[in-house]
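Here is a colleague's note for someone opening this entry for the first time. Please keep the sequence and the structure in view while reading the points.

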Amino acid sequence: MKAIIQTRYGAPDVLTLAEADRPTTGDHDVLVQVAASPVTQGDRRLRAADFPGIAWLPGRMMMGLLRPKNRVPGTVFAGTVAAVGASVTRFAPGDTVFGMCSAGAQAEYVAVAEDGVIARVPACLDLAEAAALPYGALSALTFLRDLGQVQPGQQVLVVGAAGGVGRYAVQLARHLGATVTGVCSTADVALVRGLGAHRVIDYRDEDFTDRAGRGYDVILDTSGTARFRTSRRVLTPTGRFLSLEMSAGLFAHMAWTALRGGQRAIFGISQPTAADLETIGALVDAGALSPTLDSTFPLALTAEAHARVERHRPRGEVVVTVAPPVAALRAAA
């Protein structure tokens, strides 16, 4: 099969198109013919070994100290089930599915466990749109529902509201019944407002931490630019500051606020399940959540897709499409 191969860390040009063995499957595995796979910020970090702050050494130890352990990148996929193991009951050949895996999605085929993060594609989406969902939407769900415990009537502020997680966080916070404020750049104000934010702050014109007394119940920093020390001025007495990025400073604040009570600084890692992905699919079907696509690239130009994510500010997901075409796969399902 055709696949993207990476044998070293570095810039996008470390990614090359080559022939690779088709994945093998066991009795409990599903073989998916991939139609689309996005280039996420997580994929970018894995390609470059760009693990932030104190996560650098653990990241290298897990992913490969000197070179990537997984030669085929890609952690999110959408496609059609090509074959199933003898014990698989959830899926059958011809099902259109989407999901997440540890690696291998930027290839013509990927194998995933039946009980992994995989679900049927919502009927209203094509496969490129479906591929755009899992990474950002599942992260937003973990942080807002589980860590932030967002409740109806609360005030939620999303920093980096136009980013890959932020776009879904705005929509999910609104669905959970919160009043949502998004922080973004001037160019993205209309996008964030269109996603459902009740109020949008252009960070170039206003520092959200200057508005003491506003009283946010949850601040979700998806960009790694906010700090608990200054953000706490606009949190309620029991408010939660959530960050997608760990740092030594945040770790210290987490320890201190866990002991002290009141306002909390919290870091977490999204560990999604198939049930979570099905929840995302149901929200899409209900009209509460929708993906935003920036651009698509064929598999052979995966390096260019990585370059767009890295060097530009895409206003939506950058998706790699894999032969056969997405539309043809959808029509055959």
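The points below go from the chain as a whole to single elements and residues.

1. Overall build. The model is a predicted one, and its chain contains eleven helices and 15 strands. For 333 residues a compact globule would be expected to have a radius of gyration near 20 Å, and because the chain has 20 Å, the value agrees with that expectation. The C-alpha trace spans about 55 × 45 × 40 Å along its principal axes.

2. Interior and contacts. Of the 333 residues in the chain, 51% are buried. When contacts between residues at least 6 apart in sequence are considered, 66% of them join residues that are at least 24 apart.

3. Surface and charge. The accessible surface of the chain amounts to about 14300 Å², and carbon and sulfur atoms account for 53% of it. The chain carries 32 positive and 30 negative side chains, with the centres of these two sets lying 7 Å apart.

4. Helix 1. This helix covers residues 41-48, and its buried residues are Gly42, Asp43, Arg44, Arg45 and Arg47, a list that a newcomer may wish to locate before going on. Against which elements do the buried residues of helix 1 pack? They pack against strand 1 (2-6), strand 2 (15-19) and strand 3 (29-38), and also against helix 4 (134-147) and helix 10 (302-311).

5. The two ends of helix 1. At the N-terminal end, Thr40 acts as a cap, with a side-chain oxygen 3.2 Å from the backbone nitrogen of Gly42. Just after the helix, Ala49 adopts a positive phi of about 55°. Most residues other than glycine have a negative phi.

6. Helix 10. The buried residues here are Thr302, Ala305, His306, Ala307 and Val309. They pack against strand 1, strand 2 and helix 1, as well as against strand 14 (293-298) and strand 15 (317-321). Strand 1 and strand 2 also appear among the elements against which the buried residues of helix 1 pack.

7. Ser139 in helix 4. Ser139 belongs to helix 4, and it counts as buried because its relative accessible area is 11%, where the cut-off is under 20%. A polar atom of the Ser139 side chain lies 3.0 Å from the backbone oxygen of Tyr135. Leaving aside residues up to four places away in sequence, Ser139 touches Pro134, Val165 and Ser270.

8. Gln149, after helix 4. Gln149 is located in the loop between helix 4 and strand 8 (155-159). Although Gln149 is not a glycine, its phi is positive, at about 50°. Is Gln149 buried, partly exposed or exposed? With a relative accessible area of 42%, Gln149 is partly exposed.

9. Thr257 in helix 8. Thr257 sits in helix 8 (residues 248-260) and is buried, its relative accessible area being 0%. Its side chain reaches the backbone oxygen of Met254 at 3.4 Å, while a polar atom of the Thr257 side chain lies 3.2 Å from the backbone nitrogen of Ala265. Ala265 is also one of the residues that Thr257 touches, together with Phe228, Gln263 and Arg264, when residues up to four places away in sequence are not counted.

10. Leu283 in helix 9. Leu283 is part of helix 9 (residues 274-285), and a relative accessibility of 10% places it among the buried residues. Not counting residues up to four places away in sequence, Leu283 touches Leu172, His175, Ala288 and Leu289. As for Phe208, 75 residues separate it from Leu283 in sequence, and the two are 30 Å apart in space, C-alpha to C-alpha.

11. Ala103 in a loop. Ala103 is found in the loop between strand 5 (96-100) and strand 6 (109-113), and with a relative accessibility of 18% it counts as buried, since the cut-off is under 20%. Ala103 touches Asn70, Val72, Gly74 and Val110, with residues up to four places away in sequence not counted. Its C-alpha atom is separated by 10.0 Å from that of Phe77, a residue 26 positions apart from Ala103 along the chain.

Definitions and conventions. Residues are numbered from 1 along each chain as its sequence is written. This is a predicted model: local features need pLDDT of at least 70, side-chain atom pairs count only at pLDDT 80 or more; totals for chains, interfaces and linings use all residues. Side-chain values use heavy atoms; hydrogens and water are left out. Helices (H or I, at least four residues) and strands (E, at least two) are DSSP runs, numbered from the N terminus. The radius of gyration is taken over C-alpha atoms; the globule rule is 2.2 Å times the number of residues to the power 0.38. Buried means under 20% relative accessible area, exposed over 50%, partly exposed in between (1.4 Å probe, protein chains only). Contact means heavy atoms within 4.5 Å. Accessible areas come from the Shrake-Rupley method with a 1.4 Å probe; for residues, only the protein chains shown count as cover. Lys and Arg count as positive and Asp and Glu as negative; His and the chain ends are not counted. The place of a charge is taken as NZ of Lys, CZ of Arg, CG of Asp or CD of Glu. A polar contact is a pair of N or O atoms within 3.5 Å; within protein, one must be able to donate a hydrogen and the other to accept it, and residues adjacent in sequence count only if both atoms are side-chain atoms.
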